[in-house]
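Please open the structure in your viewer and keep the selection tool at hand. The tour below goes from one selection to the next and says what is found at each stop.

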Amino acid sequence: RSTLFPYTTLFRSGCLRLWSEAESPEQARDSISTRVAELLASGSGDRNAVRGFRFGSEFLSSAREHAFGARTDLAMNLIDSCARILIDLPKQPVKPFRVTEKSDVQRVRPDGAIAFRTHLTKTGAGFRLMYWELFDGSIEFANVGTKFELEIV
């Protein structure tokens, strides 16, 4: 493990640099892909099972609105959470995103994508990552919101 430490530190600083300098979804995508590569290099996950992904139209703006771009601790948490979902080793439990707070029915888009959410933080506002699992098994990261936000875009 100690021999991986410099490698891990290098990747993490690379992820954060890519994320903080991202001016487009493609550049932000590189940050998450870099973290996926780091996790795979450390022996986490199965290289053949990595899911494809994309961002919804509100993902980056919602992340930045809630300081997941400016604060490095929050940014790294978001990058890591996204990457771990892609290798099926989520950082926190993933739960269905329901039609309403009291409903047992999971949200489904007209194209068949199903909605999920997971904790990013548990203190303060309690932020969540909302995402869609698409029909082909790939992921569309939709938005970041507070615990009480009942919207997925």
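Begin by selecting Arg-64 and Trp-19, where Arg-64 lies over the face of Trp-19, at 5.9 Å from the ring centre. Keep in mind throughout that this is a predicted model. For a second arrangement of this kind, select Arg-109 together with Trp-132: here Arg-109 lies over the ring face of Trp-132, and the distance to the ring centre is 4.8 Å.

**Aromatic rings**

Turn next to the aromatic side chains, for which the count comes to eight pairs. Select Phe-53 and Phe-55, whose ring centres are 5.8 Å apart and whose planes meet at 70°; planes over 60 degrees apart count as edge-to-face, so this pair is given that name. Add Phe-59 to the selection, and look at the rings of Phe-55 and Phe-59, whose centres are 4.8 Å apart and whose planes stand at 5°, so that this pair is stacked. Phe-53 and Phe-55 are both buried, and Phe-59 is buried as well. To see the wider group, extend the selection to Phe-116, Tyr-131 and Phe-141, which form one aromatic cluster with Phe-53, Phe-55 and Phe-59.

**Helix α4 and the loops beside it**

Now select residues 72-86, which make up helix α4. How far apart are the end C-alpha atoms of this helix? They are 21 Å apart, which agrees with the span of 21 Å that should follow for 15 residues at 1.5 Å a residue. The helix is mostly covered, since you will find that twelve of its 15 residues are buried; among them are Leu-74, Met-76, Leu-78, Ile-79, Cys-82, Ile-85 and Leu-86, and also Asn-77, Asp-80 and Ser-81.

Within α4, pick out Thr-72. Is Thr-72 buried or exposed? Its relative accessibility is 55%, and because the limit for exposed is over 50%, Thr-72 counts as exposed. If you also select Gly-43, which is 29 residues away from Thr-72 along the chain, you can draw a line between the two C-alpha atoms, which are separated by 25 Å.

Move to the loop between α3 (59-65) and α4, where Ala-67 lies. Although Ala-67 is not a glycine, it has a positive phi of about 70°, and with 26% relative accessibility this residue counts as partly exposed. Then go to the loop between α4 and β2, which is the place of Asp-88. Just after α4, then, Asp-88 takes a positive phi of about 60°, again in a residue that is not a glycine, and with a relative accessible area of 60% Asp-88 is exposed.

**The largest pocket**

For the last stop, show the largest pocket, in which about 300 Å³ of space lies. Of the 14 residues that line this pocket, select the ones closest to its centre, which are Pro-96, Arg-98, Glu-101, Arg-117 and Leu-150. Colouring by element is helpful here, as β2 (94-96) and β3 (114-119) are the elements that give two or more residues to the lining. Which element gives the most to the lining of the largest pocket? That element is β3, with three residues. If you then colour the lining by class, five nonpolar, three polar and six charged residues appear.

Notes:
Residues are numbered from 1 along each chain as its sequence is written. This is a predicted model: local features need pLDDT of at least 70, side-chain atom pairs count only at pLDDT 80 or more; totals for chains, interfaces and linings use all residues. Side-chain values use heavy atoms; hydrogens and water are left out. Helices (H or I, at least four residues) and strands (E, at least two) are DSSP runs, numbered from the N terminus. The expected span of a helix is 1.5 Å times one less than its number of residues. Buried means under 20% relative accessible area, exposed over 50%, partly exposed in between (1.4 Å probe, protein chains only). On a 1 Å grid over the protein atoms alone, a cavity is a set of points where a 1.4 Å probe fits but cannot get out, and a pocket is an open set with protein on both sides within 12 Å along at least five of seven lines; lining residues have an atom within 4 Å of a point. Grid points are joined across faces, edges and corners, and a volume is the space filled by probe spheres set on the points. Ala, Val, Leu, Ile, Met, Phe, Trp, Tyr, Cys and Pro count as nonpolar, Asp, Glu, Lys and Arg as charged, and the others, Gly among them, as polar. Rings of Phe, Tyr and Trp (its six-membered ring) pair if their centres lie within 6.5 Å; planes under 30 degrees apart count as stacked, over 60 as edge-to-face and the rest as tilted. A charge sits over a ring if NZ of Lys or CZ of Arg is within 6 Å of the ring centre and within 35 degrees of the ring normal.
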